[in-house]
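User: I have a model open here and a few things to ask about it. Can we go through it piece by piece?

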Amino acid sequence: MNNALKDLIEQAWNNRELLKDNAVQKAIRDVVDELDCGRLRIAEKGADGWHVNEWLKKAVILYFPINQMETIECSPFEYHDKVPLKHDYASSQVRVVPHAVARHGAFLAPGVVLMPSYVNIGAYVDSGTMVDTWATVGSCAQIGKHVHLSGGVGIGGVLEPVQAAPVIIEDHCFIGSRCIVVEGVIVEEESVLGANTVITASTHIIDVTGPEPITMKGRVPARSIVIPGSYTRHFPAGDYQVNCALIIGRRTESTDKKTSLNNALRDFGVSV
């Protein structure tokens with residue numbers, strides 16, 4: 001089934017005239033339905049790391065031109081959009097607090113809790129994860145199991161270019177209040193980002209736990225304790241401070257993830 005869907009999506013991507021064909025439209029809708037229930041996902045982790053299923057991103061992009069604008073009423077609220085909202089949360093075993101919004105095509109696993117927040121199409125939110133108040137999960141972002149996205153967290157989304165990787169937050173991570181993670185950054189399992197940490201693809205992530213700093217970009221190593229920082233950079237107009245992210249410690253491996261997290265927050269004085 002997936003190969004047949006993929007072939008139709010690829011044909012329509014290369015020839016937009018095919019979007020008028022009923023079979024092509026059905027294939028696009030079928031893909032979005034599969035994303036919605038979690039049987040397909042935009043990015044998957046294999047033995048060699050994460051890889052992007054580009055054809056699924058193409059299907060999401062093609063979903064917009066085949067849909068018409070419609071009024072969506074959730075009394076007393078009203079919306080006007082091309083993508084319907086998710087529904088029937090009870091059967092999915094998902095807790096949704098007003099005024100949380102998740103679009104059709106986003107997967108929410110059993111045990112997910114949405115405080116008043118937003119989850120966009122193509123996103124995948126795994127079991128036991130809390131999306132706290134005013135947090136946003138962008139299109140195609142991948143959120144692991146038992147993650148806590150604190151209040152006001154911004155997880156970036158991406159549709160185009162289709163080869164661009166989404167933001168990935170792996171299992172058991174804690175993302176502190178008002179953090180921003182965008183541009184395909186991977187936060188590996190059990191990491192903690194302190195409040196107001198901003199990480200983009202070009203942000204210097206500096207490990208300061210050893211005798212010499214180690215700088216990396218685009219990836220927070222597993223079990224890292226991270227806080228916002230700055231470093232001095234020379235410009236033609238003078239020397240100025242540039243934002244960075246500092247790795248100041250590591251969470252210890254433990255089967256009790258909650259205890260491990262609490263210890264990390266206490267030991268390193270991380271603001272959340």
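**Contacts and helices**

User: Start with E78. Which residues does E78 touch, not counting those up to four places away in sequence?
Analyst: This is a predicted model. Leaving out residues up to four places away in sequence, E78 touches T71, I72 and E73.

User: Where is the place of E78?
Analyst: E78 sits in strand β4, which covers residues 77-81.

User: Is E78 buried or exposed?
Analyst: E78 is exposed: its relative accessible area is 56%, and the cut-off for exposed is over 50%.

User: How far apart are E78 and P211 in space?
Analyst: They are 57 Å apart, C-alpha to C-alpha, with their positions 133 residues apart in sequence.

User: Switching to α2. How many residues does α2 have, and what does it reach from first C-alpha to last?
Analyst: Helix α2 runs over residues 22-36, which is 15 residues. The reach is 21 Å, close to the 21 Å expected at 1.5 Å a residue.

User: What caps its N-terminal end?
Analyst: D21 does, with a side-chain oxygen 2.8 Å from the backbone nitrogen of A23.

User: And what follows α2?
Analyst: G38 follows α2, and the phi of G38 is positive, near 85 degrees.

User: Which residues in α2 are buried?
Analyst: V24, A27, I28, V31, V32, E34, L35 and D36. The list takes in E34 and D36 as well as V24 and L35.

User: What do the buried ones pack against?
Analyst: The buried residues of α2 pack against α1 (2-14), α3 (54-63) and β7 (107-108).

User: Stay with α1 for a second. At what angle do the axes of α1 and α2 cross?
Analyst: Roughly 115 degrees, and the axes come within 9 Å. The crossing of α1 past α2 is left-handed.

User: Which residues make that contact?
Analyst: From α1, L5, L8, I9 and A12. From α2, A23, V24, A27, I28, D30 and V31. Of the α2 residues in this contact, V24, A27, I28 and V31 are also on the buried list.

User: New topic, cysteines. How many disulfides does the structure hold?
Analyst: Zero. C173, for one, is in no disulfide, and the nearest cysteine sulfur, from C179, is 11 Å away.

User: Why does C173 count as buried?
Analyst: Because its relative accessibility is 2%, and buried means under 20%.

User: And C74, what is its relative accessible area?
Analyst: C74 has a relative accessible area of 31%, so it is partly exposed.

Terms used
Residues are numbered from 1 along each chain as its sequence is written. This is a predicted model: local features need pLDDT of at least 70, side-chain atom pairs count only at pLDDT 80 or more; totals for chains, interfaces and linings use all residues. Side-chain values use heavy atoms; hydrogens and water are left out. Helices (H or I, at least four residues) and strands (E, at least two) are DSSP runs, numbered from the N terminus. The expected span of a helix is 1.5 Å times one less than its number of residues. Buried means under 20% relative accessible area, exposed over 50%, partly exposed in between (1.4 Å probe, protein chains only). Contact means heavy atoms within 4.5 Å. A polar contact is a pair of N or O atoms within 3.5 Å; within protein, one must be able to donate a hydrogen and the other to accept it, and residues adjacent in sequence count only if both atoms are side-chain atoms. A disulfide is a pair of cysteine sulfur atoms within 2.5 Å. Axes are lines fitted to C-alpha atoms, for helices over the stretch in contact, and angles run from 0 to 180 degrees between N-to-C directions. A crossing is left-handed if the near helix is turned anticlockwise from the far one by less than a right angle, and right-handed if clockwise.
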